[in-house]
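The exercises below ask for a reading of one helix and one residue, each followed by a worked solution. Please examine the sequence and the structure before starting.

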Amino acid sequence: MGKGQEGMIVPQEGLQAEGLAAIRGERLVFSGLSFALPPGGALLLEGPNGSGKSTLLRVLAGLGRAEVGTLRWNGEDALSDRTTHATRVAYLGHQDAVKPGLTVAENLAFWGTPPEIETALARINLARLAPLPARMLSAGQKRRLALARLALATAPIWLLDEPTLGLDTTSVAALGTMLATHRASGGVVLAATHLPLPLPGAETLRLAA
Amino acid sequence: MRKLLARELRLSLRHGTDSLAAILFFLVAGALFPLAIGPAPETLARIAPGIVWVCALLAALLPLDRLFGADAEDGSLDHLLLSGLPPAAIALGKATAHWLTTGLPLLLAAIPMAIMLRLPDEALPALLLGLIPGTAFLSLIGTAGAALVLGARRGGVLLPLLVLPMAVPALIFGVAAADAAAVGLAARPHLLLLSALCAAALPLCPLAAGAALRSAAE
């Protein structure tokens, strides 16, 4: 991972997409989509509902399939081996993927060791709720739990679908700190959003409906 | 992989009703036969292996539609697929969890059931030995089926239609092993064939289920 590959295209650091297109159902959601993100870069995906922001994030995660186009990470074709690509990606979908029957800490047990989980929960101000069953959480707290899973991720590419939905201002600030730390360590962030995000210097990609 | 298994087992303990429902269904369905056919010991003893096997087959199906269904609904499946494990390993982990939480308890519940149905004592070991690869085979086939019907409307109805025909070979050899033991013949050939089925399903079913999971996420 992270090893540049010698080829026709000059190896470049970071994430590059070239001519991506995706079909959902029988509809072409977007096509000819290109962007380049250097390490530490951030890209905001904007556009009306149904313009394909979530579809693009799933394609970039390797969950969805791109009909045409290439995605490169540090010059390497990223989507040819999706299992390897998965280790580079941390994905925050619009669903929180929280199991109501498990406690807050247990919900994260698959993703990290107990000390790591404690730190991750503290970063998003959830440490106090760690022993509570997740079914007691409010919608915003569940979103924070999903963000804590993100904080556990060591992957360089963060794909966020409406990350601040239902968050209070304190948590948005905490997310801002997380994003800044991640970018400072060379990671990239792509976020689909309708709300202002704490991502200074982010470029914007507008998707048409 | 070990963490996935730990997660599945913990989830199944917290939502323990799934496994319990399968076992209770197994026992209740088995108890219906003496009521319907009559309590004559010879009749029951003759059909006991068949009853145990059919009931185990049906009971093992019960938790299957939640095997991936719950994870697909709340978005956990995406995260599992992004965990860096190959999809086939996720499917194998799920199948193992299904066997530990459903197959193994069914195996234990088969003992009182067989005794209740007056199964000849000499046939009991063959029945249980057959159920070990048999339930494992069911978990594997069932996992593949559950992954295939993900995202389908009325997947819960489709699932038995898909899985039950594929489970027929296990049923035939499993019952034949117990029947052979009951009349003093060797059960070993049947058990070996059953184990061979299980050995073939062990690599094939997770691969099929993994591919199905990938396409369900798309």
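**Exercise 1: the two sides of a helix**

On the other side of α2(B) from its buried residues, T17(B), L20(B), V28(B), L32(B), L35(B) and A36(B) are exposed (12 or fewer other C-beta atoms, placed from the backbone, within 10 Å of a residue's own; 20 or more is buried, in between is partly exposed). The model is predicted: local features need pLDDT of at least 70, side-chain atom pairs count only at pLDDT 80 or more, and totals for chains, interfaces and linings use all residues. Residues are numbered from 1 along each chain as its sequence is written, with chains lettered from A and ligands numbered from 1 in the order in which they are written.

Task: determine which residues of α2(B) are buried and what covers them.

Solution.
1. The buried residues of α2(B) are S19(B), A22(B), F26(B), G30(B) and F33(B).
2. They lie on the same side of α2(B), because their arc around the axis is only 60 degrees (taken from the directions from the helix axis to the C-beta atoms).
3. An α-helix has 3.6 residues a turn, so residues three or four places apart point the same way.
4. The cover over these buried residues includes α1 (2–14), α3 (41–61) and α6 (87–116) of chain B.

**Exercise 2: a residue in chain A**

Task: establish whether L179(A) is buried or exposed, and which residues it contacts beyond its neighbours within four places in sequence.

Solution.
1. L179(A) counts as buried because it has 23 C-beta neighbours inside 10 Å.
2. Leaving aside neighbours within four places in sequence, L179(A) is in contact with V189(A), P198(A) and L199(A) (C-beta atoms, placed from the backbone, within 7 Å).

Technical notes
Helices (H or I, at least four residues) and strands (E, at least two) are DSSP runs, numbered from the N terminus. Two residues are in contact if their C-beta atoms, placed from the backbone, lie within 7 Å.
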